[in-house]
Amino acid sequence: MRKLINVFFVAAGLVFTASVANAQQKIAHLDSEVVFASMPEAKTATATLETLQKQKQAEIEKMRTEYTTKYEAAVAKNKTLSEANKETVGKELQQMGVELQDMEKRINDATQKAQQDIATKQGELLAPLNTKFQNAVKAVAKDKGIAYVFDSSAQQGANNMLAWEGGEDVTDAVKAKLGIAASAPAAKK
């Protein structure tokens, strides 16, 4: 009887150990900044966004230069104001003031529109890259039997990972899944 109880406890212990081993889940981390910086599509998207931003900035700068010129003309006109030409110059100054207000509004509207255009273009260009990245991460996690993959990039900061000790770094595996050549090992954080 005692031997039967011992066998029962040993069997129960083995079953418990097996279920604890099965309950442990693999955790890994990757540096999304390194992956995105290595993606040729991301480099192209960044260059496109920078070009668009410079173009919009040049358009707004041109408008500001025009505004400054008109403003300086109004200041110079104001200096010619005298009692003899008060009515004529006063009307001209009033008209210039209306034009300046209109120009200021157009500059503000153009600035706002430029920001919206850039944000829209950023969404258009980066959404497919993010989807491609997410699919590669999921595929690597599935291939390696990993339950959780944390982003250890500096951009994510403490919002995504409080701490890690060890774990598998799957940055190069995700880059390989995306068809990007592996790089030299990154320094430990």
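This briefing walks through one long-helix region, an aromatic pair and some salt bridges in the structure above. The model is predicted, so local features need pLDDT of at least 70 and side-chain atom pairs count only at pLDDT 80 or more, while totals for chains, interfaces and linings use all residues. Residues are numbered from 1 along each chain as its sequence is written, and side-chain values use heavy atoms, leaving out hydrogens and water.

**Helix H3**

- Helices here are DSSP runs (H or I, at least four residues), numbered from the N terminus.
- H3 takes in residues 40-79, which makes 40 residues.
- From first C-alpha to last, H3 reaches 58 Å, close to the 58 Å expected; the expected span is 1.5 Å times one less than the number of residues.
- Buried residues of H3 include Leu-49, Leu-52, Lys-56 and Ile-60. Buried means under 20% relative accessible area, exposed means over 50%, and partly exposed is in between (1.4 Å probe, protein chains only).
- Helix H2 (32-38) and helix H4 (86-144) are among what covers those buried residues.

**The aromatic pair**

- Rings of Phe, Tyr and Trp (its six-membered ring) pair if their centres lie within 6.5 Å; planes under 30 degrees apart are stacked, over 60 edge-to-face, and the rest tilted.
- By that rule, the count comes to one aromatic pair.
- It's Phe-36 with Phe-133, a tilted pair at 4.9 Å centre to centre and 40 degrees between the planes.
- Phe-36 sits in helix H2 and Phe-133 in helix H4, so this pair links distant parts of the chain, 97 residues apart.
- Phe-133 is buried at 7% relative accessible area, whereas Phe-36 is partly exposed at 23%.

**Salt bridges**

- Side chains of opposite charge can pair when their charged atoms come close. A salt bridge here is a side-chain nitrogen of Lys or Arg within 4 Å of a carboxyl oxygen of Asp or Glu.
- Searching the whole structure turns up 11 salt bridges.
- Glu-87 and Lys-91 meet at 3.8 Å, N to O; they are four residues apart in helix H4, which means about one helical turn separates them. Both are exposed.
- Lys-105 pairs with Asp-109, with the closest N and O atoms 2.9 Å apart, and these two also lie four residues apart in helix H4.
- Lys-177 bridges to Asp-143 at 3.0 Å between the closest N and O atoms. That pair links helix H5 (residues 171-177) to helix H4 across 34 residues.
- Lys-56, Lys-113 and Asp-117 are joined in a salt-bridge network; Lys-56 is one of the buried residues of H3.

Methods:
Contact = heavy atoms within 4.5 Å.
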